[in-house]
Amino acid sequence: MKLQISYDAESDTLDIGNGRPGSDGQPVADRLTAFFGDGEDTVGITLENAAELLAPCLKESVSQQADVSREANTGSDLEIHYFPQTDTLDIGNGKPAAEGYDVADNLTAHVDHDGDVVFITLENAAEVLAPYLRALVSDRDNR
């Protein structure tokens, strides 16, 4: 299923999903919500304060200077880890996952034993977010 991404600079909100309608949002961590479709599978996530949270992790990757893992210190239960060697971004609450399933191309939801989403993994993160990263980085730098 094709990955769909939208970024609203006014609200600094990043939506990543498969384009299917979702309801029943479940808070995963502070500023991160997972949304579910009819079959109870995750159809997407919303990350609030995206520029503030993602720009420090991904900004260097955009300029191809990053060579070590970066972790965003959010001051809450939200954890963001970016791994430049694999261009992988993990966003979640730091709890261990029991299994994962594909939401869309390059997007995996990881769930605990109760079926609650604990984090998502975005593969090829800098590549797929590149059009949005410019907005994220410039939006953050202009604050």
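This briefing describes the fold, the salt bridges, a charged surface patch and selected residues of one protein chain. The model is predicted. The chain has 143 residues, of which 48% count as buried, and contains two helices and 11 strands. Its salt bridges number two, and they join Asp30, Arg31 and Glu52 in a network. On the surface, Asp24, Asp38, Glu40 and Asp41 form a patch of negative charge.

**Overall architecture**

- Read from the N terminus, the order of elements is β-β-β-β-β-α-β-β-β-β-β-β-α.
- Helix H1 covers residues 50-62, and helix H2 covers residues 125-141.
- Among the strands, S2 spans residues 13-17, S3 spans 23-29, S4 spans 32-36 and S5 spans 42-48, while S11 spans 117-123.
- Considering contacts with a separation of 6 or more, 47% are made by residues 24 or more positions apart.
- The accessible surface of the chain amounts to about 7,400 Å², and carbon and sulfur atoms contribute 42% of it.

**Salt-bridge network around arginine 31**

- Arginine 31 occupies the loop between S3 and S4.
- One salt bridge pairs arginine 31 with aspartate 30, with 3.5 Å between the closest N and O atoms.
- The side chain of arginine 31 also meets that of glutamate 52 in a salt bridge, at 3.6 Å from N to O. This pair connects distant parts of the chain, since glutamate 52 belongs to helix H1 and arginine 31 to the loop between S3 and S4, with their positions 21 residues apart.
- Arginine 31 counts as buried because its relative accessible area of 16% falls under the 20% limit.
- Its two partners are partly exposed: aspartate 30 has a relative accessibility of 37%, and glutamate 52 has a relative accessible area of 38%.

**Negative surface patch**

- The members of the patch are Asp24, Asp38, Glu40 and Asp41.
- Aspartate 38 is located in the loop between S4 and S5, and glutamate 40 is placed in the loop between S4 and S5 as well.
- Aspartate 38 has a relative accessible area of 83% and glutamate 40 has one of 54%; both are classed as exposed because these values are over 50%.
- Glutamate 40 is also brought together in space with glycine 115: the two are 75 residues apart in sequence, with 9.5 Å from C-alpha to C-alpha.

**Backbone conformation**

- Most residues other than glycine have a negative phi.
- Arginine 31, which is not a glycine, has a positive phi of about 75°. The residue with this backbone angle is the buried arginine of the salt-bridge network.
- Asparagine 124, likewise not a glycine, has a positive phi of about 55°.
- Asparagine 124 sits in the loop between strand S11 and helix H2. With a relative accessibility of 30%, asparagine 124 counts as partly exposed.

**Asparagine 18, a buried loop residue**

- Asparagine 18 lies in the loop between S2 and S3.
- The relative accessible area of asparagine 18 is 8%, so the residue counts as buried under the 20% limit.
- Leaving out residues up to four places away in sequence, asparagine 18 touches Met1, Lys2, Gln4, Thr42, Val43, Val103 and Ala104.
- One of these contacts, valine 43, is 25 residues from asparagine 18 in sequence, and their C-alpha atoms are 5.7 Å apart in space.

**Serine 23 in strand S3**

- Serine 23 forms part of strand S3.
- At a relative accessibility of 40%, serine 23 is partly exposed.
- Beyond its neighbours within four places in sequence, serine 23 is in contact with Phe35 and Phe36.
- Between serine 23 and phenylalanine 36 the C-alpha separation is 5.6 Å, although the residues are 13 apart along the chain.

Methods
Residues numbered from 1 in each chain as written. Predicted model: local features only at pLDDT ≥ 70, side-chain atom pairs only at ≥ 80, totals over all residues. Heavy atoms only, no water. Patch = residues over 30% accessible without salt bridge, like charges linked within 9 Å, V, L, I, M, F, W, Y side chains within 5 Å. Areas by Shrake-Rupley, 256 points an atom, 1.4 Å probe, with all protein chains shown as cover. Salt bridge = Lys/Arg side-chain N within 4 Å of Asp/Glu carboxyl O. Lys, Arg positive; Asp, Glu negative; His and termini not counted. Charge placed at Lys NZ, Arg CZ, Asp CG, Glu CD. Helix = DSSP H or I, 4+ residues; strand = E, 2+ residues; numbered from the N terminus. Buried < 20%, exposed > 50% of the residue type's maximum accessible area, 1.4 Å probe, protein only. Contact = heavy atoms within 4.5 Å.
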